[in-house]
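Student: I am new to this one and would like a close look at a single part. Could you walk me through it?

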Amino acid sequence: MAGSGEESKKLQLYSYWRSSCAFRVRIALNLKGLEYEYKAVNLLKGEQRDPEYLKLNPLGYVPTLVNGDAVIADSFAIIMYLEEKYPQRALLPQDLQKRAINYQNYSFAQVLGIGIHLANLPCFPFLQAANIVAANIQPLQNLAVLKYIQEKVGPNETTPWVQTHIRKGFEALEKLLKDYAGKYATGDEVYVADLFLAPQIHAAIKRFEIDMNQFPTLLRVYEAYQELPAFQDAVPEKQPDATG
């Protein structure tokens with residue numbers, strides 16, 4: 001994607017091609033027109049446990065963003081950092097009070113490691129959608145969880161496990177977004193919810209064989225993402241470390 005000045009050239013993104021969390025950040029960088037250096041971290045080879053990488057991200061997850069002296073881990077934290085530092089092409093509504101409340105609620109969910117009950121906050125659909133994906137779907141399909149299930153339960157149990165939790169999350173998202181969705185998840189502009197939804201739906205279709213006809217709203221917005229270069233340039237299959 002096109003850059004936006006010398007400062008953006010400092011950006012380095014530690015990423016794994018198949019990571020939906022890294023996928024979100026790649027979309028954000030693309031939407032904001034920021035150049036970055038792609039630093040591949042092969043999760044299958046255990047490169048996330050390399051001592052040098054752990055200095056950047058002690059949890060050993062991807063993505064990690066480095067911008068000069070700033071090192072930010074966790075996809076939502078990175079997206080919020082980009083939103084504040086590079087305000088072009090806003091990814092959040094402009095109302096400051098609403099933005100602040102949404103920061104608080106999402107931060108609590110991430111720090112506690114649980115899915116808080118944002119369904120009781122109907123005025124914040126874009127954050128609710130992001131939270132459903134980040135707290136209640138994606139963590140249940142990450143590599144460490146799937147490896148644990150394969151070892152402790154059985155090699156044939158990983159796909160049914162993931163499918164169950166994706167369908168549960170997608171059912172909730174369908175109910176949430178049916179009253180808010182326009183061309184995209186929460187209207188006719190791309191916001192944070194879309195950055196979280198696109199990678200999750202992509203993985204559901206490409207990796208976990210979910211029939212999206214059960215979820216017409218999600219399928220419709222996903223089809224709209226196919227028209228956006230910022231989304232399509234971020235897909236896993238186009239990344240430099242992608243494998244067959």
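Student: Which are the buried residues of α9?

Tutor: Happy to help! This is a predicted model, where local features need pLDDT of at least 70, side-chain atom pairs count only at pLDDT 80 or more, and totals for chains, interfaces and linings use all residues. Residues are numbered from 1 along each chain as its sequence is written, and side-chain values use heavy atoms, with hydrogens and water left out.

The buried residues of α9 are Thr-217, Leu-218, Leu-219, Val-221, Tyr-222, Ala-224 and Tyr-225. Here buried means under 20% relative accessible area, with a 1.4 Å probe and protein chains only; helices such as this one are DSSP runs of H or I with at least four residues, numbered from the N terminus, and strands are runs of E with at least two. α9 is thus mostly covered, with 7 of its 10 residues buried.

Let's follow Tyr-225. Beyond its neighbours within four places in sequence, Tyr-225 is in contact (heavy atoms within 4.5 Å) with Tyr-184, Ala-185, Asp-194, Leu-197, Ala-198, Phe-231 and Gln-232.

Now for the core. A nonpolar core is a set of buried Ala, Val, Leu, Ile, Met, Phe, Trp, Tyr and Cys residues joined through side-chain atoms within 4.5 Å. The largest one has 52 residues, and Leu-218 and Tyr-225 are among the six that touch the most other members, along with Ile-79, Phe-170, Leu-195 and Phe-231. Elements giving two or more residues to this core include α9 (216-225), α8 (192-206) and α10 (229-232). The largest share, 9 residues, comes from α8. In general, nonpolar side chains tend to be buried together in soluble globular proteins.

Note on methods. Buried means under 20% relative accessible area, exposed over 50%, partly exposed in between (1.4 Å probe, protein chains only).
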